[in-house]
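Thank you all for coming. I would like to walk through the empty spaces in one protein model, and then turn to a few of its side chains.

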Amino acid sequence: MTTDIQPQPCDLLIEAGWVVPVEPRGVVLENHAVAVRAGVIVALLPIAEARIRFSPKETVSRPGAALIPGLVNAHVHNPMTLLRGVADDLPLMEWLNGHIWPVEGAVIGPEFVADGVTLAIAEMLRGGTTCANENYFFPDVQAATYKRHGFRARVGLPVIDFPTAWASSDDEYFDRAIEVHDQWRDDPLVSMAFVPHAPYTVSDASFERIRMLADQLDLPVHLHTHETAHEVEESLQKHGQRPLARLDRLGLVNDRLIAVHMTDVTDAEIELCARRGVSVVHCPESNLKLASGFCPVGRLERAGVNLAIGTDGAASNNDLDMFGETRTAAQLAKAVAGDAAAFSAPQALRAATLGGAKAMGLDALIGSIEVGKQADLACVDLDQVETQPVHNVVSQLVYATGRHQVGDVWIAGVAKLRGRELVDVDVAALIANAKQWRERIAAIRK
């Protein structure tokens, strides 16, 4: 006796030549499909089986493509996309104090932030990025902009020891932080973190308040730390401790800490990060361009530290290309370690996806293609001259693929890029707006 099996309804079935789930690491599933219902992955199975089991509202078939988790940009300053190319070929402190902060001070405000984030979202989507860990001012405007475009983000609640257009005193920084957090606490796409700028711009008292509130609200703490040797030397002179030791004294070295850059670290500091569950975000291209130093990725990986990858802002990178960043991260790690096996292609891809999600505390939701997770996905066309022949899919993704090969992107199952075209984005208007910002900024710099 035979039993007819009724196909299950689903919203979307994505069929791909290869599915790279990231977890388990290094696995590639050939001719597989992902079924999505209500924004959630409900099955990962061979295409032939999926066609029998599901009755989708929409089927997207990409036989020459690899389906991967959406890339996670674990450290960005996206409003600063409007400052791309304003100041180049300068060391960090001269770049900040002599150029970026003066221009920023003249233009920063809700309009600048909203327009910069909007431009960045378009660039990130075209490169397969579906989630960003944001670090900038006017988090209320950032959150509303990310939400309007259906983009996943953890938005930073800024704290810094001097007045800005966002807040004029320590108390105001914290009061406004709590207000924004409370407004967005239950949103499915936009969440919050504390973003004290850096150890050299935040006092002990403010760090102690952050620690208390981060514990109470269960929020990550995302900050630049050990970015340069100069920062470490300055901390020794001012506090008698290296920055990480000072943060540890203040109770901040734990599994909520997202430590960005980390170019100047000792073996003992690496061991401390591993033991306490600290995540490190590697921003190789910004570090290279500002001559800030080299993050010892190989040593961190061997110690078991969770690694993520970030582009930093477009003012210092000068792009938001996570494929390029991941390639640079993998190659640079080998040169720094003197070991060609350091930070392999599967390790690098994990850092660019699940590692970033884990750093942000979102790894239960995103970062890998697993049943029950959000359908934040990107389809990468490998059927191109630049990525043929395909001997090893993960190798091609890390060492050969360019962001121009991203064809389709979904966030929570909603199409954001389809056939290389942004969905519901007026690209001409976006470019025209960026050009008028160029004119405004140029007038300020005269």
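Let me begin with helix α2, which supplies seven residues to the lining of the largest pocket, the largest share of that lining. Helices here are DSSP runs of H or I with at least four residues, strands are runs of E with at least two, and both are numbered from the N terminus. Before going further, I should say that this is a predicted model, in which local features need pLDDT of at least 70 and side-chain atom pairs count only at pLDDT 80 or more, while totals for chains, interfaces and linings use all residues. Residues are numbered from 1 along each chain as its sequence is written, and side-chain values use heavy atoms, with hydrogens and water left out.

The largest pocket holds about 480 Å³ of space, and of the 30 residues that line it, the closest to its centre are Leu-96, Trp-101, Glu-104, Phe-137 and His-197. A word on terms: on a 1 Å grid over the protein atoms alone, a pocket is an open set of points with protein on both sides within 12 Å along at least five of seven lines, a cavity is a set where a 1.4 Å probe fits but cannot get out, and lining residues have an atom within 4 Å of a point. Grid points are joined across faces, edges and corners, and a volume is the space filled by probe spheres set on the points. Both α2 (92-107) and β7 (152-159) supply at least two residues of this lining, which by class has 18 nonpolar, nine polar and three charged residues. In that count, Ala, Val, Leu, Ile, Met, Phe, Trp, Tyr, Cys and Pro are nonpolar, Asp, Glu, Lys and Arg are charged, and the others, Gly among them, are polar.

The second largest pocket has about 300 Å³ of space, and its lining is made of 19 residues, with Arg-154, Asp-218, Pro-220, Met-360 and Gly-361 nearest its centre. Two or more residues come from each of β7, β8 (190-196) and α13, and β7 gives the most, with three residues. This lining divides into ten nonpolar, two polar and seven charged residues.

Turning to closed spaces, there are three cavities of 30 Å³ or more, and the largest has a volume of about 50 Å³. Helix α13 (residues 345-359) gives the most to the lining of that largest cavity, with three residues, and the lining as a whole includes Val-20, Arg-25, Pro-346 and Arg-350.

Now, is Glu-15, in strand β1 (residues 8-19), buried or exposed? Glu-15 has a relative accessible area of 4%, and therefore counts as buried, the limits being under 20% for buried, over 50% for exposed and partly exposed in between, with a 1.4 Å probe and protein chains only. Its side chain makes polar contacts with the side chains of Arg-51, at 2.8 Å, and Ser-61, at 3.5 Å; such a contact is a pair of N or O atoms within 3.5 Å, where, within protein, one must be able to donate a hydrogen and the other to accept it, and residues adjacent in sequence count only if both atoms are side-chain atoms.

Finally, the whole structure has zero disulfides, a disulfide being a pair of cysteine sulfur atoms within 2.5 Å. For Cys-10, the nearest cysteine sulfur is that of Cys-379, 15 Å away, and Cys-10 is buried at 2% relative accessibility.
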